[in-house]
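Biologist: I would like to learn how to read this protein step by step, beginning with the overall layout and then moving to single residues. Could you take my questions in that order?

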Amino acid sequence: MRQHARPAKPIMTLDLRNDRHAPLIVVSGEVDMSTAHLISEMAEHVITRRPARLVLDLSGVTFFSAHGISALLRTQRAAESAEVTVALRAAAPCVSYLLAVSSAGIDLNIPVANAGRWSPSRLGSADRGSGPT
């Protein structure tokens, strides 16, 4: 009897929705070196339509690397050039954590709805490397 293999679960998914007030990109899964560019590419595509505002929802992100920050910076630059406002509606703890610990060295001006959950001052030596729980 031959068994059918289940399709592999995608590493990351992007969903473009038309929210009442602005286009919304919902990101779920792992944002790493192989997937992060897809966020900025989709955002840049949406930005070419010149909405007043673009909203990103990163609440479903399970892993967020420095490549994710690069994608947000590229998105921010593209939006500024097109005079489009970008905001994060929600960010998963792993996203909030990385944005907080790296904020001193980057120029990311995207407001985060749930900012303040993690900050570098709250990190003790025992917390380093384990990330948010």
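Modeller: The secondary structure of the protein chain comes to three helices and four strands, where helices (H or I, at least four residues) and strands (E, at least two) are DSSP runs numbered from the N terminus. This is a predicted model, in which local features need pLDDT of at least 70 and side-chain atom pairs count only at pLDDT 80 or more, while totals for chains, interfaces and linings use all residues. Residues are numbered from 1 along each chain as its sequence is written, and side-chain values use heavy atoms, with hydrogens and water left out.

Biologist: In what order do the elements run from the N terminus on?

Modeller: The chain holds three helices and four strands, which can be written as a row of letters. Read from the N terminus, that row is β-β-α-β-α-β-α.

Biologist: In which order do the four strands lie in the sheet, and which of them stand at the edges?

Modeller: Two strands count as paired if DSSP finds at least two bridges between them, and by this rule the four strands form an open sheet of mixed pairing in the order E1-E2-E3-E4. Two of these strands have a single partner strand each, so one side of each is left without a neighbour in the sheet. The strands at the edges are E1 and E4.

Biologist: How many bridges join E1 to E2, and which residue stands opposite Pro-23?

Modeller: Strands of a sheet pair through backbone hydrogen bonds, either parallel or antiparallel. E1 and E2 run antiparallel, and the number of bridges joining them is seven. The residue opposite Pro-23 of E2 is Asn-18.

Biologist: How does the span of H1 agree with the expected one, and on which side are its buried residues?

Modeller: The expected span of a helix is 1.5 Å times one less than its number of residues, so the 12 residues of H1 should span 16 Å, and this agrees with end C-alpha atoms that are 17 Å apart. Buried means under 20% relative accessible area, exposed over 50%, and partly exposed in between, using a 1.4 Å probe and protein chains only; in H1, the buried residues are Ala-36, Ile-39, Ser-40, Ala-43, Val-46 and Ile-47. The arc is that of the directions from the helix axis to the C-beta atoms, and because these residues cover only 120 degrees of it, they are on the same side of H1.

Biologist: Which elements do the buried residues of H1 pack against?

Modeller: Contact means heavy atoms within 4.5 Å, and this is the test for packing here. The buried residues of H1 pack against E1, E2, E3 and H2.

Biologist: What covers the buried residues of H2?

Modeller: H2 has 17 residues, 66-82, and reaches 25 Å from its first C-alpha to its last, close to the expected 24 Å. Its buried residues include Gly-68, Leu-72, Thr-75 and Ala-79. Their cover includes E2, H1, E3, E4 and H3.

Biologist: Which element gives the largest share of the largest nonpolar core?

Modeller: A nonpolar core is a set of buried Ala, Val, Leu, Ile, Met, Phe, Trp, Tyr and Cys residues joined through side-chain atoms within 4.5 Å; the largest one has 31 residues, and those with the most contacts inside it include Val-27, Leu-54 and Leu-72. E2, H1, E3, H2, E4 and H3 each supply at least two of its residues. The largest share, six residues, comes from H2.

Biologist: Is Thr-35 buried or exposed, and at what relative accessible area?

Modeller: Thr-35 is found in the loop between E2 and H1. Leaving aside neighbours within four places in sequence, Thr-35 is in contact with Ile-11, Met-12 and Glu-30. Thr-35 counts as buried because its relative accessible area is 7%.

Biologist: What separates the C-alpha atoms of Pro-111 and Leu-88?

Modeller: Pro-111 lies in the segment after H3, and it counts as partly exposed because its relative accessibility is 49%. Not counting neighbours within four places in sequence, Pro-111 is in contact with Val-86, Ala-87 and Leu-88. Although Pro-111 and Leu-88 are 23 residues apart along the chain, their C-alpha atoms are separated by 6.1 Å.
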